[in-house]
Amino acid sequence: MTIQEFLEEIIRVFQKVGIENAAGEAKMLACHVLSCDETYLFFHQSEEIDDKVLLASAALINERTAGRPIQYVIGKANFYGIDLVVDERVLIPRPETEGLVEAVLKDAKENFAEPASSPKVLDLCTGSGCIAAAMAANLPKADVTATDISPKAFMLARYNLKPYENVKVVKGDLFEAVNGEKFNYILSNPPYIPTKVIDGLQKEVKNYEPSLALDGGESGLDIIERILAKAADYLTENGKIFMEIGDDQALRIREFAQKTGSFKDFLVLKDLQGQDRVFVATKI
């Protein structure tokens, strides 16, 4: 079987079970089993695939058609150009979160442009470590701390962040892990989905991704409000907080942040679909 025939067969199988991005996921799986990139697939369509590779692929295809997300099947996800190991211990990094990274990097490059500048960054609920990795890779002088309450997520984040000497990974419940340090930026993609909504999510999400990383309590704001209630104590003067939020939560979050009396310059950034996605506030 050639690479082209292999891709066509995977696409057919994926489409049959209703996988939305069948072609994209087929390429991801093919690149994984062939240890190549999409450019190689394109230029080597007529190349024959070894039978052992085809046999190994069958098990992975079955996992995906059974509902397991493709990122867990192949054991990795790409976030902001960085390949990360992922499995059921952590949330799969998503493109929406890259918008948060973009906003922080833009702000940091404007406010810490001097050669001696080195912002301190705290990534709460780090999960796979994707946000911390993007910060460390793009701000090599930054001092980054990543935290998570989940022992399983902590272990995986520590593995993913091992290449970055400017990152410290600690286990704990939000701010309890950082011993009173102050940061220029507090970043987080916290759980923000209301409990009652979880059962209505796609099966790939509700059946495989960790509920601890999804469930934000009755209103979806439990963790967000806990972060906002304490964040000012851990921010430097004019320090900023950037949080990923649900597309219908911005107004309630802003109202809560205002009530704390600790923040100003509220901003809500939209994702590529035009939905509210990132809440930004500056410490007074």
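Is Asp265 buried or exposed? With a relative accessible area of 53%, Asp265 is exposed, because the cut-off for an exposed residue is over 50%. The structure described here is a predicted model, and the residues below are grouped by backbone geometry, charge and spatial pairing.

## Backbone geometry

Asp265 belongs to strand β8, which spans residues 263-270. The phi angle of Asp265 is near 50 degrees, a positive value in a residue other than glycine. Tyr80 also has a positive phi, near 55 degrees, and is likewise a residue other than glycine. Tyr80 is placed in the loop between β1 (76-79) and β2 (82-85). As background to these two entries, most residues other than glycine have a negative phi.

## Salt bridges

The model holds 14 salt bridges. Three of the pairs are set out below, with the N to O distance of each.

| Basic residue | Acidic residue | N to O distance |
|---|---|---|
| Arg12 | Glu9 | 2.7 Å |
| Arg68 | Glu63 | 2.5 Å |
| Arg94 | Glu209 | 2.4 Å |

The salt bridge between Arg94 and Glu209 has its closest N and O atoms 2.4 Å apart. This pair links distant parts of the chain, its two residues being 115 residues apart. Arg94 sits in the loop between β2 and α6 (95-111), whereas Glu209 sits in the loop between α9 (203-206) and α10 (222-231). Arg94 is partly exposed, at a relative accessible area of 28%. Glu209, by contrast, is buried, because its relative accessible area is 5% and the limit for a buried residue is under 20%. A further set of salt bridges shares partners and thereby joins Glu25, Arg64 and Glu204 into one network.

The pair Arg12 and Glu9 lies within a single helix, α1 (residues 3-16). Since the two are three residues apart in that helix, about one helical turn separates them. The closest N and O atoms of this salt bridge are 2.7 Å apart. Arg12 is partly exposed at 43% relative accessibility, and Glu9 is also partly exposed, with a value of 33%.

In the remaining tabulated pair, the side chains of Arg68 and Glu63 meet with an N to O distance of 2.5 Å. Glu63 is partly exposed, its relative accessibility being 27%.

## A negative surface patch

Which residues form the negative surface patch? The patch is made up of Glu5, Glu8, Glu47 and Glu48. Glu47 is found in the loop between α3 (38-43) and α4 (51-65). The relative accessibility of Glu47 is 31%, so this residue counts as partly exposed. That value satisfies the requirement for patch membership, because patch residues need over 30% relative accessible area.

## Buried strand residues

Ser188 is located in strand β6 (residues 183-188) and is buried, with a relative accessible area of 0%. A polar atom of the Ser188 side chain lies 3.1 Å from the backbone oxygen of Leu124.

Leu235 is located in strand β7 (residues 235-244). At 1% relative accessibility, Leu235 counts as buried. In sequence, Leu235 and Glu181 are 54 residues apart, and their C-alpha atoms are 8.3 Å apart in space.

Phe79 is placed in strand β1. The relative accessible area of Phe79 is 1%, and the residue is therefore buried. Between Phe79 and Val205 the C-alpha to C-alpha distance is 18 Å, with their positions 126 residues apart in sequence.

## An exposed loop glycine

Where does Gly18 lie? Gly18 is in the loop between α1 and α2 (22-34). Gly18 is exposed, with a relative accessible area of 57%. The C-alpha atoms of Gly18 and Thr65 are separated by 8.9 Å, while the two residues are 47 residues apart along the chain.

Technical notes: Residues numbered from 1 in each chain as written. Predicted model: local features only at pLDDT ≥ 70, side-chain atom pairs only at ≥ 80, totals over all residues. Heavy atoms only, no water. Patch = residues over 30% accessible without salt bridge, like charges linked within 9 Å, V, L, I, M, F, W, Y side chains within 5 Å. Areas by Shrake-Rupley, 256 points an atom, 1.4 Å probe, with all protein chains shown as cover. Salt bridge = Lys/Arg side-chain N within 4 Å of Asp/Glu carboxyl O. Lys, Arg positive; Asp, Glu negative; His and termini not counted. Charge placed at Lys NZ, Arg CZ, Asp CG, Glu CD. Helix = DSSP H or I, 4+ residues; strand = E, 2+ residues; numbered from the N terminus. Buried < 20%, exposed > 50% of the residue type's maximum accessible area, 1.4 Å probe, protein only. Polar contact = N/O pair within 3.5 Å; in protein donor to acceptor, adjacent residues only side chain to side chain.
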